[in-house]
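I opened the model today and kept notes as I went. The entries follow the order of my look-ups.

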Amino acid sequence: MKNRLLFLGPPGAGKGTQASLICKEKGLLHLSTGDLLREEVSLGTQLGKEAELIMNKGELVSDQIVLSIVEKKLSKSSQGWLLDGFPRNLMQVELLEKLLKDIHQPIQTVLLIEIDDETLTHRMLSRGRKDDKEDVIRNRLKVYRDKTSPLVNHYMDLGILKSINGCGNIEDVNNRIKEALN
Ligand code: AMP
């Protein structure tokens, strides 16, 4: 199986849960920019304080901040990795492609988890994270549509995109992902 992966999909699609499962099974480094940013917030770092204000509105944190977080982790990894929640716009795609070229580790497969807005909203509301309030959720879905969804065509054009249906329970979705990645 490929060991340099990217999970793409709207907020609430189950990327984080499914990425954790795949990483555990395959021994990959799980790189979730959302988790790494929340870690900075809980540590109360300067970066965390700046990021928190933006995250609470459901907007995107600056490309440079996110890139610097990813760069530190990726350059240390030798066992393969899974990117979850990054890149999130076309500028981040460009920055990431340059970084991966420099370390000779191109992405092998992009997995798109597809799911309808109603299920997403329901899932996020039951999760209860600080940015899981109705108005913030609406904005995060808009940001996804406007800024992140163009990445689907980009990776499709590169011929490395696979998509699966993200509805159903964790195990069913996990099985679909394993099948798609085989
Ligand atoms: P997530 O856990 O992936 O849903 O991310 C939670 C929040 O963290 C997002 O709504 C953004 O504010 C911020 N964030 C996470 N990843 C990125 C990224 N790649 N670029 C910009 N902001 C991000």
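Which residues of helix H8 are buried? I went through residues 150–157 and found Leu151, Val152 and Tyr155 buried. I keep in mind that this is a predicted model.

**Entry: helix H8**

I looked down the axis of H8. The buried residues cover an arc of only 105°, which puts them on the same side of the helix. The general rule helps here: an α-helix has 3.6 residues a turn, so residues three or four places apart point the same way.

Next I asked what the buried residues of H8 pack against. I noted two helices, H5 (90–102) and H7 (134–148). I also noted strands E1 (4–8), E4 (109–114) and E5 (161–165). Past the helix, I checked the backbone. Gly159 follows H8 and has a positive phi, near 75°.

**Entry: helix H5**

I checked the length of H5 against its residue count. With 13 residues at 1.5 Å a residue, the helix should span 18 Å. I found its end C-alpha atoms 19 Å apart, which agrees.

Which residues of H5 are buried? I listed Gln92, Val93, Leu96, Leu99 and Leu100. Down the axis, these buried residues fall within an arc of 130°, so they line one face of H5. The cover over them includes helix H4 (63–74), strand E3 and H8.

I then turned to the face of H5 that points away from the buried side. Exposed Glu94, Lys98, Lys101 and Asp102 sit there.

Both ends of H5 got a note. At the start, a side-chain oxygen of Asn89 comes within 3.2 Å of the backbone nitrogen of Met91. After the helix comes His104, with a positive phi near 55°.

**Entry: His104**

I stopped at His104 since it is not a glycine, yet its phi is positive. I placed His104 in the loop between H5 and E4. Is His104 buried or exposed? Its relative accessibility is 67%, and exposed means over 50%, so His104 counts as exposed.

**Entry: Pro87 and Thr148**

I found a cis peptide bond between Phe86 and Pro87, with omega about 0°. Pro87 belongs to the loop between strand E3 (81–84) and H5.

Pro87 came up again when I looked at Thr148. Leaving aside neighbours within four places in sequence, Thr148 is in contact with Leu8, Pro87, Arg88 and Val143. Thr148 itself is part of helix H7. Its relative accessible area is 4%, and buried means under 20%, so I logged Thr148 as buried.

What does the side chain of Thr148 meet? I found a polar atom of that side chain 2.8 Å from the backbone oxygen of Arg88.

**Entry: the ligand**

How many residues surround the ligand? I counted 16. The closest are Thr33, Arg38, Glu59, Gly85 and Gln92. Gln92 was already in my notes as one of the buried residues of H5.

I wrote down three polar pairs:

- Thr33 places a polar side-chain atom 2.8 Å from a nitrogen atom of the ligand.
- Gly85 has a polar backbone atom 2.9 Å from a nitrogen atom of the ligand.
- Arg88 has a polar side-chain atom 3.1 Å from an oxygen atom of the ligand.

Last, I looked up the cover. On its own the ligand has 480 Å² of accessible area, and the protein covers 96% of that.

Arg88 ends up in two of my entries. Its backbone oxygen pairs with the side chain of Thr148, and its own side chain has a polar atom 3.1 Å from the ligand oxygen.

Methods: Residues numbered from 1 in each chain as written. Predicted model: local features only at pLDDT ≥ 70, side-chain atom pairs only at ≥ 80, totals over all residues. Heavy atoms only, no water. Buried < 20%, exposed > 50% of the residue type's maximum accessible area, 1.4 Å probe, protein only. Helix = DSSP H or I, 4+ residues; strand = E, 2+ residues; numbered from the N terminus. Arc of directions from axis to C-beta. Contact = heavy atoms within 4.5 Å. Polar contact = N/O pair within 3.5 Å; in protein donor to acceptor, adjacent residues only side chain to side chain. Near = heavy atom within 4 Å. Areas by Shrake-Rupley, 256 points an atom, 1.4 Å probe, with all protein chains shown as cover. Expected span 1.5 Å × (residues − 1).
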